[in-house]
Amino acid sequence: MDRLSYIARHAGRFAVTGAPAGYDAYLASEAARRRKALVLFVASDDAAERCALDALAFFAPDIIPVLDFPAWDCLPYDRVSPKPDIEAARLATLSALARRKPDAGAAVLVTTVNALLQRVPPREMVLEGQFHARVGNDVDHDRLVRFLTRHGYVRAGTVREPGDFALRGGIIDLWPPGTDEPYRLDFFGSTLDAVRRFDAETQLS
């Protein structure tokens with residue numbers, strides 16, 4: 001326990017050698033918990049990153065959030081685009097980091113060496129690429145549609161896959177990449193009345 005306290009108090013970069021797989025993630029979670037701050041955990045590759053995420057889910061389920069920042073699954077100038085779920089995970093983490101306050105508390109950011117070497121958009125661009133809507137508040141319907149179109153969503157008659165959105169009177173259906181199910185935004189005039197998940201096959205909320 002004394003060693004854990006010493007690790008937690010150590011500022012900046014700190015090397016721990018000889019830690020078994022899984023225990024290194026536990027050390028990161030304890031450092032975050034005791035410092036009440038963000039700790040960066042850099043895994044050697046994608047497999048080690050997944051092991052660290054699983055270990056954190058076991059050792060520190062109370063530390064929220066555990067941020068996942070995976071590397072691209074393709075090389076620069078490849079003819080194949082990255083998978084949407086990887087894009088979504090990276091953007092969700094960048095968004096959380098851009099909005100994070102210095103006193104936000106404990107959190108662990110898990111990434112890989114490759115991911116650290118890849119360039120990311122400026123913080124200002126990440127902040128501009130967000131749209132916040134809360135149930136009970138007024139939402140500019142047209143602005144939301146322009147936002148979805150500008151950020152790569154495809155307008156469809158029916159939402160069937162991630163990246164689709166559909167307009168049906170006072171309802172906007174959309175499927176953000178990285179989520180298991182699409183969302184249905186129900187408007188009463190300009191007020192966002194409800195947000196529900198729905199089944200893409202049956203279209204039932």
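## Reading a predicted model, starting from R90

Trainee: Where does R90 lie?

Mentor: R90 lies in helix α4, which covers residues 84-99. Keep in mind as we go that this is a predicted model.

Trainee: Is R90 buried or exposed, and what about charge partners?

Mentor: For a charged residue, check burial and then look for an opposite charge. R90 is buried but has no salt bridge. A salt bridge needs a nitrogen and an oxygen within 4 Å, and the nearest side chain of opposite charge, E87, is 8.2 Å away from R90.

Trainee: Which side chain does the side chain of R90 make a polar contact with?

Mentor: That's Q118, at 3.4 Å, side chain to side chain. Setting aside the neighbours within four places in sequence, R90 is also in contact with others, including F69, P70, W72 and V120.

Trainee: Okay, sheets next. In what order do the 3 strands of the open sheet come?

Mentor: To read a sheet, walk across the strands and note who sits beside whom. Here you'd go β1-β3-β2, with parallel pairing. β1 (38-43) and β2 (66-69) are at the edges with a single partner strand each, so each has one side without a neighbour in the sheet. On average, neighbouring strands in this sheet are turned by 20 degrees against each other, direction ignored.

Trainee: How many bridges join β2 to β3?

Mentor: There are 4, and the two strands run parallel, with β3 covering residues 107-112. If you want a spot to look at, find V66, which stands opposite V108 in β3.

Trainee: Which strands does α4 lie across?

Mentor: For a helix on a sheet, ask which strands lie under the helix and at what angle. Helix α4, the one with R90, lies across β1, β2 and β3, at about 130 degrees to β2. Helix α3 (residues 46-59) lies across β1, β2 and β3 too, running at about 160 degrees to β3.

Trainee: And how are the 5 strands of the other open sheet ordered?

Mentor: Read across again: β4-β5-β6-β7-β8, and this time the pairing is mixed. The edges are β4 (154-155) and β8 (191-197); each has a single partner strand, so one side of each lacks a neighbour in the sheet. Inside, β5 (residues 164-168) and β6 (residues 171-174) pair in the antiparallel sense over 4 bridges. One pair to look for is R168 with its bridge partner I171 in β6.

Trainee: Which residue forms a salt bridge with R168?

Mentor: D173 does, with the closest N and O atoms 3.2 Å apart. With a salt bridge, check the burial of both ends, and remember that buried means under 20% relative accessible area. D173 is buried because its value is 1%, while R168, at 38%, counts as partly exposed.

Trainee: How many salt bridges does a search of the whole structure find?

Mentor: It finds 5. One of them joins R196 and D186, at 3.7 Å from N to O. That pair links distant parts of the chain: R196 is in strand β8 and D186 in strand β7 (residues 183-188), 10 residues apart.

Trainee: Which helix holds both R33 and E30?

Mentor: Helix α2 (residues 23-35) does, and the two are 3 residues apart, about one turn of the helix. Their side chains meet in a salt bridge of 3.1 Å, N to O. E30 counts as buried at 8% relative accessibility, whereas R33 is partly exposed at 30%.

Trainee: Last one: how much of the chain counts as buried?

Mentor: Of its 205 residues, 35%. Overall, the chain has 7 helices and 8 strands.

Key:
Residues are numbered from 1 along each chain as its sequence is written. This is a predicted model: local features need pLDDT of at least 70, side-chain atom pairs count only at pLDDT 80 or more; totals for chains, interfaces and linings use all residues. Side-chain values use heavy atoms; hydrogens and water are left out. Buried means under 20% relative accessible area, exposed over 50%, partly exposed in between (1.4 Å probe, protein chains only). Lys and Arg count as positive and Asp and Glu as negative; His and the chain ends are not counted. A polar contact is a pair of N or O atoms within 3.5 Å; within protein, one must be able to donate a hydrogen and the other to accept it, and residues adjacent in sequence count only if both atoms are side-chain atoms. Contact means heavy atoms within 4.5 Å. Two strands pair if DSSP finds at least two bridges between them. Axes are lines fitted to C-alpha atoms, for helices over the stretch in contact, and angles run from 0 to 180 degrees between N-to-C directions.
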